[in-house]
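Here is my note on the model, set out as numbered points. Please read it with the structure open beside you.

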Amino acid sequence: MGNSNGTVWLPEGASTVASEIDWLFYFVTWTSLAIMLLVVGGLIYLAYTYRRRSADDAPQPIKESKLLEISWVVIPTILVLLVFTWGFQGYLKLTVAPPNAYEIQATAFSWGWSFDYPNGASSNNLHVPVDRPVKVNMSSEDVLHSLFIPAFRVKQDVLPDRYSSVWFEATREGEYHLFCSEYCGTQHAEMIATVHVHSQTDFNEWLADAAMDEDIPLPELGERLFGQQGCQQCHSIDGTSGIGPTMQGLYMNDRLLQSGETVTADENYLRQMIIEPTAQVVEGYPAGVMPSYARLSEREINALVAYIKELE
Ligand SMILES: [Cu+2]
């Protein structure tokens, strides 16, 4: 995704903190490697040079070397302090968001994300302006999740019943991966979103568009929500079966449930499915995979139902 200037070691970097974090990573990696080679090399060299040559080759007493002893105390101490100072500075920078940061509210749920913007817009992928600090305040509806954007080098746990936050400033427009990095159940691996980094103008335009939900007709809003809420990850609209059944031609069709009952997929069936998917489980599909969308507003649920009804 995005422009891939990543390396074998690290993914592409696209935030203000990325290069600093990468340098620290490289420093730790390469000094560790150098020290390892020195130690292992020395070990092999000394073992060979001072190997026992004959049966009466008695070991010699060891002479102390002040210089050697001081250097193996002082050099590692300097290295460790360097890494600590460097790391601590980076940590402070990552923890304290600039006061002028643009704030977005993130809600994690099993298994997806919902982002709310100051003007009332909401989306399932994260949209941010380029070259501007963005602070994401986060909470979870259910279990522990974690927001991870590799290209920005930020990762932060998202907890139920409590806020946590993360901030970054994207330096390049493009699309980047957003992952959940805390194992959270069956669909954890699918809990993926995209970060869209826009120019400020494009961002304003997107934001205004996304906030217009109140004015658009229900089926159109439903279509938008179907994408935003991640329904399309599990449900196709073209007749193909995915993790869940297709939505095509569903309305007013007979549905066989796991309970053995057959019901008609009318408005109330659709509504019930969206709010409480475990109440009626479709035969041939796993129960408990589809998350509940009871948190959606009445209008949003109406919109989804209106949209599904149109999928002939
Ligand atoms: Cu998760």
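1. A residue is called buried here if 20 or more other C-beta atoms lie within 10 Å of its own. The model is a predicted one, and by that criterion buried residues make up 24% of the 312 residues in the chain.

2. On overall dimensions, the C-alpha trace of the chain spans about 95 × 50 × 35 Å along its principal axes. The radius of gyration of the chain is 28 Å, whereas a compact globule of 312 residues would be expected to have one near 20 Å.

3. As for secondary structure, the chain contains seven helices and 12 strands. Of the contacts in the chain with a separation of 6 or more, 63% are accounted for by residues 24 or more positions apart.

4. One helix pair deserves a closer look: helix α6, covering residues 267-275, packs with helix α7, covering residues 298-310, at an angle of about 125°, and their axes are 10 Å apart. That angle makes α6 oblique to α7, because angles over 145 degrees would count as roughly antiparallel and those from 65 to 115 as roughly perpendicular. The crossing in which α6 passes α7 is right-handed.

5. Which residues in α6 and α7 meet? On the α6 side they are E267, L270, R271, I274 and I275, and these meet I301, L304, V305 and I308 in α7. Sorted by class, the contact of α6 with α7 has seven nonpolar residues and two charged residues, with no polar ones.

Key
Residues are numbered from 1 along each chain as its sequence is written. This is a predicted model: local features need pLDDT of at least 70, side-chain atom pairs count only at pLDDT 80 or more; totals for chains, interfaces and linings use all residues. Axes are lines fitted to C-alpha atoms, for helices over the stretch in contact, and angles run from 0 to 180 degrees between N-to-C directions. Helices (H or I, at least four residues) and strands (E, at least two) are DSSP runs, numbered from the N terminus. Angles under 35 degrees count as roughly parallel, over 145 as roughly antiparallel, 65 to 115 as roughly perpendicular and the rest as oblique. A crossing is left-handed if the near helix is turned anticlockwise from the far one by less than a right angle, and right-handed if clockwise. Two residues are in contact if their C-beta atoms, placed from the backbone, lie within 7 Å. Ala, Val, Leu, Ile, Met, Phe, Trp, Tyr, Cys and Pro count as nonpolar, Asp, Glu, Lys and Arg as charged, and the others, Gly among them, as polar. The radius of gyration is taken over C-alpha atoms; the globule rule is 2.2 Å times the number of residues to the power 0.38. A residue is buried if 20 or more other C-beta atoms lie within 10 Å of its own, exposed if 12 or fewer, and partly exposed in between; C-beta atoms are placed from the backbone.
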